[in-house]
Amino acid sequence: MKLVTQVLASRYWAPYTVGNHLPFDEKVVDDIYITEIYGSNFSIRRIMMLEFSQYLENYLWPNYVTGTSSHAHMMSIVVMINEKFRERVPAWQFNTTGALANYATEAGYCSDECKTALSLPLAPVGLCVKMDLPFKKLPEHFPGFFQQMLEACLLEGSLREQTALLVFLNHCFNSMEVELIRDQVKHLVSLAMWVSLQYAVDRAVLDVVDTAVLNVVDRAVLDVVDRVVLDAVDRAVLDMVDRLVLDVVDRAVLGMVDRVVLDMVDRAVLDVVDRAVQDVVDRAVLDVVDRVVLDAVDRAVLDAVDRVVLDVVDRVVLDAVDRAVLDMVGRAVLDMVDRAVLDVVDRAVLDVVDRVVLNAVDRVVLDVVDIAVLDAVDRAVLDMVDRAVQDMVDRVVLDVVDRAVLDVVDRAVLDAGRREQELRSVPKWRKYWKLIQKRDKPELKTKLEWERRFLQRLMIRFMKILESVPEDGEVNNDVVHYCERFLELIIDLEALLPTRRFFNTVLDDCHLVVRCHLASLTQRLEGNLFSQLESE
């Protein structure tokens, strides 16, 4: 293994082969992690050899890129930092003062920059081995690396990896004097983390309450809204339906009425007209006929008949001629007169009749139609209209009502929550709380919310793993080690003033100490160290 590390180091990152290094290859990082770190069950000896070869300073961190580097790359950095802390070598910055500097000078290194190379036997004495501070020299990718590490802490994976991440996180909290680390860690333990405090009731209970309240409110609101809206809609719809129905009915009724009325009117009018026309025609025709006939008759008859006979003949002839002529003339004249008179009479009569009839018919028809037709039309039309209107009204009205109701309900429920109690106890914290909410940028709200709830979610994950340990039977040693490292993290967070101030409230709200005390691991032989840590 030592030979493999030396070969890879000389090819890719060793400080004494700087001019001959091969280009960075992410596959090399993945292979080293799988074979030398994860595959060896996090063997300290192999990790130590990688650390001695400056694997972190010269290869891992200079080639880390936020968003593109793999999980193995991130875990390799975490393991290397943990190894530095285990060896008590400065991980974040160099310390070239005191006994360490004197020892470095005696070892024969050329400058103060190389005095931290005390544990690198790979380089011969007298050779300048430059060790630049990796994170301080390339700090731009550290926030992305830290975020990737936090997300990995909540993933389901190997407990060995999770334990290494907990150890690294503990080192970060204990290194808050370093500005680079403090800028990332402070978001996890600030006053804003109280957003994760539980309410007076559980979220599930609050959802049930909201649902029950909204059901009652929605019914009452919809009843009122439906009555008002549907009344207005029904009126508008019925007006339109009445117009359409009456148009159809009027056409049908007028067609029938016109036929009946015209038959009756024509008969009466023709009787009157015929009488009047015949009298006028008879007078005019007779005058003409009499003159023509008498002239012709007089000429023929006067010669043989005297005037006395003419009087008798005139009467007889005129009667016969009048009858014949009147029959012929009367028929033609009456046809022409009837056509002209009936056109004028029909128009006048129909106008009067339509007005009278329609007024009476509309009243009767509307009563019958409204009852029969409108009932059927109302059911079909109003069903469709009601559905469309109710959907639109429900969406608009319920959105407004739900927001108002939920605000009132949530305030009443949340006022009794733990956060509200804490803010009441220290009024100045309420001022800071409001200021934090005001300064939060909308585009960063999701990320900030995730960071503020991180420790609570981590504790919930720990309690699930802890409660998975049975009272009897075999237990995985990785589970025991994970629980022990987690308690060490909690103890260190409680020991530091910058982290204890607000974290202690969240810790108490999660009842973590009580659940650790009641856990089955405390009753097992494997949980001896866990019990000691829990008692602290």
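## Pockets and salt bridges: worked exercises

Both domain 1 (1–94 + 133–189) and domain 3 (443–535) contribute residues to the lining of the largest pocket, so this pocket lies between them. The exercises below refer to a predicted model.

**Exercise 1.** Describe the largest pocket by its volume, its central residues and the helices that line it.

*Solution.* Begin with the volume, which is about 480 Å³ for the largest pocket. The lining comprises 18 residues, and those closest to the centre of the pocket are Phe42, Ile44, Thr163, Ala164 and Val167. Next, assign the lining to elements: helix H3 (44–52), helix H5 (71–86), helix H9 (159–173) and helix H17 (477–495) each provide at least two residues. Of the contributions to this lining, the largest share is that of H9, with 6 residues. Finally, sort the lining of the largest pocket by character, which gives 8 nonpolar, 5 polar and 5 charged residues.

**Exercise 2.** Determine where the second largest pocket lies with respect to the domains, and describe its lining.

*Solution.* The first step is to ask which domains take part: domain 1 (1–94 + 133–189) and domain 3 (443–535) both give residues to the lining of the second largest pocket, and therefore it lies between them. Its volume is about 410 Å³. A total of 14 residues line the second largest pocket, and His187, Ser190, Ala192, Ile436 and Arg452 are the ones nearest its centre. Two or more lining residues come from each of helix H14 (427–439) and helix H15 (445–452). By character, the lining of the second largest pocket consists of 6 nonpolar, 2 polar and 6 charged residues.

**Exercise 3.** The structure holds 19 salt bridges; for the one between glutamate 36 and arginine 46, work out which parts of the chain it ties together and classify the burial of each partner.

*Solution.* In this salt bridge, the closest N and O atoms of glutamate 36 and arginine 46 are 3.8 Å apart. Because glutamate 36 lies in helix H2 (residues 26–38) and arginine 46 in helix H3, the pair ties together parts that are 10 residues apart in sequence. For burial, glutamate 36 has a relative accessibility of 11% and so counts as buried, as the limit for that class is under 20%. Arginine 46, at 30% relative accessibility, counts as partly exposed.

**Exercise 4.** Are glutamate 57 and lysine 84 buried or exposed, and what network includes them?

*Solution.* Glutamate 57 and lysine 84 form a salt bridge whose closest N and O atoms are 2.5 Å apart. This pair links distant parts of the chain, with glutamate 57 in helix H4 (residues 55–60) and lysine 84 in helix H5, 27 residues apart. Glutamate 57 has a relative accessible area of 7% and is buried, and lysine 84, with a relative accessible area of 3%, is buried as well. The network is considered after the comparison pair in the next exercise.

**Exercise 5.** Locate the salt bridge between glutamate 420 and arginine 424 within its helix, classify both partners, and then complete the network left open above.

*Solution.* The side chains of glutamate 420 and arginine 424 meet at 3.4 Å, N to O. Both residues belong to helix H13 (residues 418–425), where they are 4 residues apart, or about one turn of the helix. Glutamate 420 is buried, its relative accessible area being 17%, whereas arginine 424 is exposed, with a relative accessible area of 52%. As for the network, salt bridges that share partners join Glu51, Glu57 and Lys84 into one.

Methods:
Residues numbered from 1 in each chain as written. Predicted model: local features only at pLDDT ≥ 70, side-chain atom pairs only at ≥ 80, totals over all residues. Heavy atoms only, no water. 1 Å grid on protein atoms, 1.4 Å probe; cavity = no way out; pocket = protein on both sides within 12 Å on 5 of 7 lines; lining within 4 Å. Points joined across faces, edges and corners; volume = space filled by probe spheres on them. Nonpolar A, V, L, I, M, F, W, Y, C, P; charged D, E, K, R; others polar. Domains from an automatic or database assignment. Salt bridge = Lys/Arg side-chain N within 4 Å of Asp/Glu carboxyl O. Buried < 20%, exposed > 50% of the residue type's maximum accessible area, 1.4 Å probe, protein only.
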